[in-house]
Amino acid sequence: MKLKPPPTSSSSSSQTLTATAASSHDAKLLVRETLRISADLASAPSVPSVGSLPKNASFGVVDQQFVDSSLRLLCCEEIDGRRWKYFADESVGSEQLKLKKKKNAIRAVSLHSPQAPAEEFMAFIRSYVVPEGFPDSVTPSYVPYMTWRALKHFFGGAMGVFTTQTLLNSVGVSKHRTTPGAVAINWILKDGAGRVGKMLYARQGKKFDYDLKQLRFAGDLLMELGAGVELVTAVVPHFFLPLACAANVAKNVGAVTSTSTRTPIYKAFAKGENIGDVTAKGECVGNLADLLGTGLSILISKRNPSLVKTFAFLSFGYVFSSYREVKSVVLHTLNRARFTVAVESFLRTGRVPTLQDGNSREDIFNFPWRQHRPIVLGPRFKEAFQDPNSYLAVKPIFEKEHYIVTYNPSKENIYVLLKDQAKSDDVLKAAFHGHVLLHIIRSSTNKQSSSRKQHEDELSASLLSTADLQAHVAESYKMVSALYMPFKSKAKEQGWVMSESLLNPGRARLCEMAT
């Protein structure tokens, strides 16, 4: 057997050098590729424009499927401030598109970083308490209204814990003074009385539109009155049934008022057709505040605080929040209170107040059941005229109008009688005329009166004769003819809605004028 001769030293060294060079070259390529990939991964994740993508580009946070692909920008999308870009994968051929049904041909790239947990939680809360598109979807008065509404419901929820505890103690549940059947009967009778009161009060109907703010505040006062009567049952538990029934009637009447005035208020806040969204979020805020108040009150009640001090504190918070809540509402329509503010400001300064100013100056305590009003709109004929001469003296002045305005010195009131042809604008003009006549009589009385301590609203009957009355009415007619249209124009410029009459006139109408 022949043995192979060993390789010569020259051939062996050449092979060794060749292998070393190859391995060195591979190592350099590996290091270079590693550095390139590391640099690409550390670079920004933004996607280059069309046609500028290198073949082996890396996108960082983009999925691995974007690597080694050719992308073309299609469009940009935004949802609630968060943006995405959509790209077409041009490396996918037509045959491949058919096989993949084109579902993988579009790539979505997020242009935002993930939200922090706190931000995601706040976004979740906002989706329940503010309307979509907030703040652009509501008027500026929405935020103060909801703030005071939440405070009112917070105090109301806290008060409910103490009143319920007091009622249960008074009816005998905790001390077992009565049988469960008697307790149930008393409780049912109490709730039944409240429902009866709710049905009886619902007949007020249109007044919830006329004097919305005044009735809303009055309803909240009744709620607190009912809560106070419920607490009184702890002092005289043997009068539980009549006191609890009276309290429940008051609270149910307040609930009817709150429910009936809720929609017009939310309508004033909504921009566009989002009243349902505004209503839903508003009720959610109220319920959330009510639950917070209830939970806090449960914790406080375990320490047995003074019932009188607790009721006084919670009642003050509830009533004050209710007042501020109602005052923060900005309505565009003119009821009697806002109409009075607008006309008196126009007669004094020649300017109509803005929506914000007019609503803020509206008298919330001017409840619709007040008897004495300086201007009576739509009265009976016998209330306005005491003798035929006073009627015959002013009748010719209003031949072309659908109303008659007069002053009754014995009752110290301006009376605005409406004819059966009177429409919405006629009612507005008649009310405007009544304020003009009142302004003239007040000015005349103040000039002729020797006593400067006389109240501004008091009209002296002794200083006004029939001739003076006729002269004042004729003067007021001339002023109305010159000022009513400018008043309407300036009111519309300020945003007041003049086409709807919410002045709540009486139902009496003059059918046929005697000749």
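**A mixed three-stranded sheet, its core and the salt bridges**

In this predicted model, three strands form an open sheet of mixed pairing, in the order E5-E7-E6. Strand E5 (375–377) and strand E6 stand at the edges with a single partner strand each, so that one side of each is left without a neighbour in the sheet. From one strand to the next, the twist averages 20°. The parallel part of the sheet is the pairing of E5 with E7, which runs over three bridges, and within it Leu 377 has Val 416 of E7 as its bridge partner. The antiparallel part joins E6 to strand E7 (residues 413–418) over six bridges, with Leu 418 of E7 as the bridge partner of Tyr 403. E6 and E7 form a hairpin in which four residues lie between the two strands, and Glu 412 in the turn has a positive phi of about 55°.

Although E6 is an edge strand, strand E6 (residues 403–408) is mostly covered, with six of its six residues buried. Tyr 403, Val 405 and Tyr 407 point one way from E6, whereas Ile 404, Thr 406 and Asn 408 point the other way, and burial applies to both sets. Ile 404 also belongs to the largest nonpolar core, which has 48 residues; Ile 404 is listed there together with Phe 339, Phe 398, Ile 414, Val 416, Phe 432 and Phe 487 as the residues that touch the most other members. Two or more residues are given to this core by each of helix H11 (336–349), E5, helix H14 (388–394), E6, E7, helix H15 (424–448) and helix H16 (466–493). The greatest contribution is that of H15, with ten residues.

The structure holds 14 salt bridges. In one of them, the side chains of Glu 325 and Arg 149 meet with an N to O distance of 3.8 Å; this pair links distant parts of the chain, Glu 325 being in helix H10 (residues 307–327) and Arg 149 in helix H4 (residues 142–171), 176 residues apart. Both Glu 325 and Arg 149 are buried. These two residues are also members of a network of salt bridges that links Arg 149, Lys 152, Arg 216, Asp 220, Arg 262, Glu 283 and Glu 325.

A further salt bridge is formed by the side chains of Glu 344 and Arg 442, at 4.0 Å from N to O. Glu 344 lies in helix H11 and Arg 442 in helix H15, so this pair ties together parts that are 98 residues apart in sequence. Glu 344 counts as partly exposed because its relative accessibility is 28%, whereas Arg 442 counts as buried at 13%. In the salt bridge between Asp 357 and Arg 361, the closest N and O atoms are 3.1 Å apart. Asp 357, with a relative accessible area of 30%, is partly exposed, and Arg 361 is likewise assigned to the partly exposed class, at 35% relative accessibility.

Elsewhere in the model, Phe 121, Met 122, Phe 124, Ile 125 and Tyr 128 make a nonpolar surface patch of about 510 Å². Of these residues, Met 122 is found in helix H3 (residues 117–129) and counts as partly exposed at 43% relative accessibility. Thr 279, found in helix H9 (residues 275–301), is also partly exposed, with a relative accessibility of 24%. The C-alpha atoms of Thr 279 and Thr 263 are separated by 7.5 Å, while the two residues are 16 residues apart along the chain.

Key
Residues are numbered from 1 along each chain as its sequence is written. This is a predicted model: local features need pLDDT of at least 70, side-chain atom pairs count only at pLDDT 80 or more; totals for chains, interfaces and linings use all residues. Side-chain values use heavy atoms; hydrogens and water are left out. Patches are made of residues with over 30% relative accessible area and no salt bridge: like charges are joined within 9 Å, nonpolar side chains (Val, Leu, Ile, Met, Phe, Trp, Tyr) within 5 Å. Accessible areas come from the Shrake-Rupley method with a 1.4 Å probe; for residues, only the protein chains shown count as cover. Buried means under 20% relative accessible area, exposed over 50%, partly exposed in between (1.4 Å probe, protein chains only). Two strands pair if DSSP finds at least two bridges between them. Axes are lines fitted to C-alpha atoms, for helices over the stretch in contact, and angles run from 0 to 180 degrees between N-to-C directions. A nonpolar core is a set of buried Ala, Val, Leu, Ile, Met, Phe, Trp, Tyr and Cys residues joined through side-chain atoms within 4.5 Å.
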